[in-house]
Amino acid sequence: MKAEDIQRIAVVGAGLMGHGIALELALAGYDVRLTSRSQESLQRASARITQSLDTLVEVETVTAEQAGEAPARISLCAELAEAVSDSHLAIEAVYEDLPLKQRLFRELGGLCPEETILASTTSAFLPDQLTPDTLRPGRVVVAHYVNPPYLVPLVEIVPSPHALEDEVAALRDLLTAIGKSPVVLRKGVPGFISGRLQMALAREALSMVQKGVASPEDIDLVLRTSLGRRWAAAGVFEVFDLAGWDLVSAIASELMPTLDGSPEVPEIVTEKVARGALGAKTGEGFYKWTPESAQALRARIAQTLARIDRWSKST
């Protein structure tokens, strides 16, 4: 299969990631069937699609005309078979629960045409974990998006050891054609690239808070006003190549032995989880939250990502 052969796409799971992936594909001109077994979930997805389109128009990522045309390309399906029976690509975006995903992939294996590429948006599991008894291991891949999927270009493609090169290339080429930045991992590892880097940084940030080195607010300020800005323009290997690895080596020899290397979830996190301080969803995490302040941060993130996207395309 080639990228141009992929015309009909099913997105299985209508939540946070699923509705955004369906929206982006529809904006790119694809016919998309978005499915969930709950009618209520589909109704929420429809409202989220409208809200996300309003955001994209507000940040000038799409025109009002494009936003008006996209919903007509998305069909909401309560029946899985209806959504996937003639699909060329089926993207699973359900809750991060391994048995649930395994059951779903068994169903997809029986409902989809033989040539359908089966992709999972999981951020935790490897392809062989998802489909231990699939009938089509060569057509199963991970396609890990980053939230919000319609504003963050990255998609990490993780093939199974049995993957067919043509199918992986077709998915990569499709994603490239719609403006994504796909990366194909040479070897599957838990968390892939982005998750491992993010968790490594989070471990050190949490360690510094727990040891009283700095407040969460100050650590976030450091990231927003220094590393975050620089990494939008150049990655860690580019930056260190410019600095010189002799300098990097000298700094690393002093600094790396002092970094947190614990394999355990930090106590400061387990304590918050135990008392229900889960973040914006409960009104308190490391910050105090109201629905309004949480929405204001989401809007700020969307606006910033849109500005970065426009800047990167102009350079």
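## Reading a helix corner and its aromatic rings

User: How are α10 and α11 oriented to each other in this predicted model?

Analyst: Helices α10 and α11 are roughly perpendicular to each other. An angle of 65 to 115 degrees earns that label, and these two pack at about 105°, with their axes 6 Å apart. Helix α10 covers residues 236–243, and α11 covers residues 245–255.

User: Which residues make the contact?

Analyst: From α10 you get Phe237, Phe240, Asp241 and Ala243, while α11 brings Trp245, Leu247 and Val248. Sorted by type, that's six nonpolar, no polar and one charged.

User: How do I read the rings, and how many aromatic pairs are there?

Analyst: Rings pair if their centres lie within 6.5 Å, and the angle between the planes gives the type. The count here comes to three aromatic pairs. One of them is Phe237 with Trp245, tilted, at 6.3 Å centre to centre and 40° between the planes. Phe237, Phe240 and Trp245 form one aromatic cluster.

User: Are Phe237 and Trp245 buried or exposed?

Analyst: Go by relative accessible area: over 50% is exposed, under 20% is buried, and partly exposed is in between. Phe237 has 61%, so call it exposed. Trp245 has 40%, so it's partly exposed.

User: What type of pair do Tyr287 and Trp289 form?

Analyst: That one is edge-to-face, with 65° between the planes and 6.1 Å centre to centre. Tyr287 is partly exposed at 29%, and Trp289 is partly exposed at 22%.

User: Which residue lies over the face of Phe286?

Analyst: That's Lys272, at 4.7 Å from the ring centre.

Technical notes:
Residues are numbered from 1 along each chain as its sequence is written. This is a predicted model: local features need pLDDT of at least 70, side-chain atom pairs count only at pLDDT 80 or more; totals for chains, interfaces and linings use all residues. Side-chain values use heavy atoms; hydrogens and water are left out. Axes are lines fitted to C-alpha atoms, for helices over the stretch in contact, and angles run from 0 to 180 degrees between N-to-C directions. Helices (H or I, at least four residues) and strands (E, at least two) are DSSP runs, numbered from the N terminus. Angles under 35 degrees count as roughly parallel, over 145 as roughly antiparallel, 65 to 115 as roughly perpendicular and the rest as oblique. Contact means heavy atoms within 4.5 Å. Ala, Val, Leu, Ile, Met, Phe, Trp, Tyr, Cys and Pro count as nonpolar, Asp, Glu, Lys and Arg as charged, and the others, Gly among them, as polar. Rings of Phe, Tyr and Trp (its six-membered ring) pair if their centres lie within 6.5 Å; planes under 30 degrees apart count as stacked, over 60 as edge-to-face and the rest as tilted. Buried means under 20% relative accessible area, exposed over 50%, partly exposed in between (1.4 Å probe, protein chains only). A charge sits over a ring if NZ of Lys or CZ of Arg is within 6 Å of the ring centre and within 35 degrees of the ring normal.
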